[in-house]
Structures are given as C-alpha cells and as structure tokens.
Amino acid sequence: MQVALITDLGAITEECARVAESIGISLTVLPPDSGGWQSASLILLGEDVREAPATDRADTILVVLDDDEPSSTWARAAHLGVDQLAVLPAAAEWLSGRMIAAVEPPTAPGTTVGVVAGCGGAGASVLACALARRAGADHSTVLVDADPLGGGLDLVLGAEQAPGPRWTDLSASRGQLRPSTLAEALPRHDGLALLSWGRDDTVDLDPDVFDDFLAAAGQAFDLVIVDLPRHAPPQWTRRCHHVLLVSPARVRSAVASSQVAKRLSQAHPDVRLVVRETGAGGLAADLLADSIGLSLAGSIRDDRGLSAAVDRGEGIPGGAHLGRLVDRLLGEWVE
C-alpha cells in the first residue's frame, strides 16, 4: 500500500479514485477508526474522519468537496492536526502530484540539454539526434522534439513508425505525468526514448503540458535532450541545465544567430555556440563565437550524405568529427 483513503463517504471516494486512476495508482479505501493504513506513504482523510492516524511516516491530507466555507474547513484540518488540504475537484492536479511523489519519491533530476537553431537549416536537429543516440548507448535518454514546425525528429532518426504517444496524446491527458509510466509508454527507436509530433498534430503546445513532461522526464531519465524552437518561451530555456545554439558559419546566419543568442542569454546563464562549418568561404568558428558573444562549444561539418540518408529513412550517419564533439559534450554532462 502506498496511498490510503480513510472515509465512508462515497462522493469523496469517487473523486479520489478518479484522480488515482488518471495516473495509474492504486488507492486503498479504509473505513474511519480502522487500522491498515500503517504501510501507506500518503494518507487521505475524508470529512467524516474524527481523528487522524498518528504517524510520522506518511504525509496526511484532508480531502473535501466544493469548499463553500474555507474557514470552517481549515478549522477542521487544524482540529485533526493536518496542515494540507485538497478541495476537489479543483485541486485534482495538485493531489495527483502528491500521489505520484508518494509512489515514486522525487530524486535528483537528470540533466536537461536544450539545442536551438540560430536560423533555419542550422543543423540543431542533427546535433540533438546525435547527442541523444550516442548517450542512449550508456544512459537512459529521451529525445524531445519541442519544435512543431521543425518537420519531426522521428523522421530524422527514421523512427516515424515507432508506436507510442505523441505530443497530442499527452496534451489530451489530464493530471500530472508519472515518471515510470512515461518511460514505459514513450516510443522507442534502437532503445532511445522519443517524443515527437504526429503528422496531423496542431502547432500549439500548452506550456503547462511541456513543464509537466520535462518534470516527469527529469525523474525518469538520466539525460533529456530537447530540440527547442527559436521562438520558445523563456521559461522553456530556463528549464534546461545547458543550452547549445547552432549556427552555420555564414554572415547572414551569424546575424540571425546573434539575435537568437541575445534572447537565450536573457533567460539562461549557460548558452554556448556550436558552429556548423560550411566549407570554403565560411567564417572561422572562434571569430563567429566572439562576434555573437558566446563561448564556443565546438564545431560540426556538413555531411553531404545526411539529407539522402534521412530521406531513405536510415537516420543520421555518425561521422567521426560529429562523434568527437558529441562524446566530449556528453562527458561534461553525464558520468
């Protein structure tokens, strides 16, 4: 037993059961003045409970319905010695989070890395996929496609047929996300977990859904690689531990990337530049980093076979130059 509800009130039982069912948690219902709650890590009390269980092992929450008299409700909680109150159905999402924390106690979150393109076609998606694919060999990793206009990272990997939920499915769900359930449900490609877009998905992503996903992913995985759009809200950037901006080594690209860099740097203290070398006539990577005002994380080279490989559904080829940069960056982020 991990979550116990002590009550004889059917309406409260139904509401609490609905919350528990939405996140795949079993709820044990016990009558007042009975035992059986001793092994619970979270105890919910109905309004009909006269005396709260004496425990220092589990958190205790008083659950009421449609609170019309908050002062009397808090007085009831004080009488029971309870300092947490859930008014259902309004507090259903908050209560689901407390249930998840009781069943899967939070640990130190995994490392989240945001990868942003300084301009269209910069190569951010390729770098994000390369980082995730390499990390997935040694660490539990999820690749997150947060750019609805990017064409789909599943296509870059050749994983568009992998079964599992897409963003639309998560947006339609209610309540918070349980880390273990999320890890089991996400599409997999060669062992790498992936969240991308369905071909018929809308282009709007609720910021709350994104935040809930990242919170759960940080608990479920060692490394979270996010392909962020250039127009991402600042709070999305702040959710990342590290941010990489990718820019081709061309003047026009550098001008566009400098604008994106200013926006990112306002929201995050650790934004670094990855330069995509474009051959003869391209700008030097260190000079480009200086002009944009970011520290240089490294460079990648154009791969002539990349587009053809992606079109054939073969995924991204693993060039040695790209591989060295990926290995060095991963060595900084994960043990």
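The exercises below work through a predicted model of one chain, each with a solution in steps.

**Exercise 1. The chain as a whole**

Task: Determine how many helices and strands the chain has, and what share of its residues count as buried.

Solution: The secondary structure amounts to 13 helices and 13 strands. Of the 335 residues, 49% count as buried, and the C-alpha trace spans about 80 × 40 × 35 Å along its principal axes. Turning to contacts between residues at least 6 apart in sequence, one finds that 72% of them join residues at least 24 apart.

**Exercise 2. The five-stranded sheet**

Task: Work out the strand order of the open sheet of five strands, and say which strands are at its edges.

Solution: The order in this open sheet is β2-β1-β3-β4-β5, and the pairing is parallel. The edges are formed by β2 (28–30) and β5 (85–88), each of which pairs on one side only. Neighbouring strands of the sheet are turned against each other by 25 degrees on average, with direction ignored.

For a detail of the pairing, take β3 (residues 42–45) and β4 (residues 59–65), which run parallel and are joined by four bridges; within this pair, leucine 44 has isoleucine 61 of β4 as its bridge partner.

The next step is to add the helices. Helix α3 packs on the sheet, where it touches β1 (3–6), β3, β4 and β5, and its direction makes about 145 degrees with that of β3. Helix α2 (residues 70–80) lies across β3, β4 and β5 and runs at about 150 degrees to β4.

**Exercise 3. The crossing of α1 and α3**

Task: Describe how helices α1 and α3 cross, and name the residues that meet there.

Solution: Helix α1 (residues 10–22) and helix α3 (residues 92–103) have axes that come within 9 Å and cross at roughly 60 degrees. Angles from 35 up to 65 degrees are neither roughly parallel nor roughly perpendicular, and α1 and α3 are therefore oblique to each other. The handedness of the crossing is right-handed. On the α1 side the residues involved are Cys16, Val19 and Ala20, which meet Ala92, Leu95, Ser96 and Met99 of α3.

**Exercise 4. The surroundings of strand β10**

Task: Decide whether strand β10 (residues 223–228) is largely enclosed or largely open, and explain why.

Solution: Begin with the count: six of the six residues of β10 are buried, so the strand is largely enclosed by the rest of the structure. Next, consider the two faces separately, since in a regular strand the side chains alternate between the two faces of the sheet. On one side of β10 are Leu223, Ile225 and Asp227, on the other Val224, Val226 and Leu228, and all of these are buried, which leaves both faces covered.

Then turn to the strands that pair with β10. Strand β6 (residues 111–117) pairs with β10 in the parallel sense over six bridges, and threonine 111 stands opposite leucine 223. Strand β7 (residues 141–145) also runs parallel to β10, to which it is joined by five bridges; here valine 142 has valine 224 as its bridge partner.

Finally, look at the loop between α8 (207–220) and β10, where aspartate 222 lies. Aspartate 222 has a relative accessibility of 40% and so counts as partly exposed. Leaving out residues up to four places away in sequence, aspartate 222 touches Gly110, Thr111, His139, Ser140 and Val334. Valine 334 is 112 residues from aspartate 222 in sequence, yet their C-alpha atoms are 7.8 Å apart.

**Exercise 5. Cysteines and a neighbouring serine**

Task: State how many disulfides the structure holds, and explain why cysteine 240 forms no bond with the closest cysteine sulfur.

Solution: The structure holds zero disulfides. For cysteine 119, which is in no disulfide, the nearest cysteine sulfur is that of cysteine 129, 17 Å away. For cysteine 240, the closest cysteine sulfur also belongs to cysteine 129 and is 16 Å away, which is too far for a bond, because the cut-off for a disulfide is 2.5 Å between the sulfur atoms.

Both cysteines can then be placed by accessibility: cysteine 119 counts as buried at 12% relative accessibility, and cysteine 240 counts as buried at 5%.

As a last step, follow the contacts of cysteine 119 to serine 253, a residue of helix α10 (residues 251–267). Apart from neighbours within four places in sequence, serine 253 is in contact with Cys119, Ser247 and Pro248. Serine 253 is itself buried, with a relative accessible area of 14%.

Methods:
Residues are numbered from 1 along each chain as its sequence is written. This is a predicted model: local features need pLDDT of at least 70, side-chain atom pairs count only at pLDDT 80 or more; totals for chains, interfaces and linings use all residues. Side-chain values use heavy atoms; hydrogens and water are left out. Buried means under 20% relative accessible area, exposed over 50%, partly exposed in between (1.4 Å probe, protein chains only). Helices (H or I, at least four residues) and strands (E, at least two) are DSSP runs, numbered from the N terminus. Two strands pair if DSSP finds at least two bridges between them. Axes are lines fitted to C-alpha atoms, for helices over the stretch in contact, and angles run from 0 to 180 degrees between N-to-C directions. Angles under 35 degrees count as roughly parallel, over 145 as roughly antiparallel, 65 to 115 as roughly perpendicular and the rest as oblique. A crossing is left-handed if the near helix is turned anticlockwise from the far one by less than a right angle, and right-handed if clockwise. Contact means heavy atoms within 4.5 Å.
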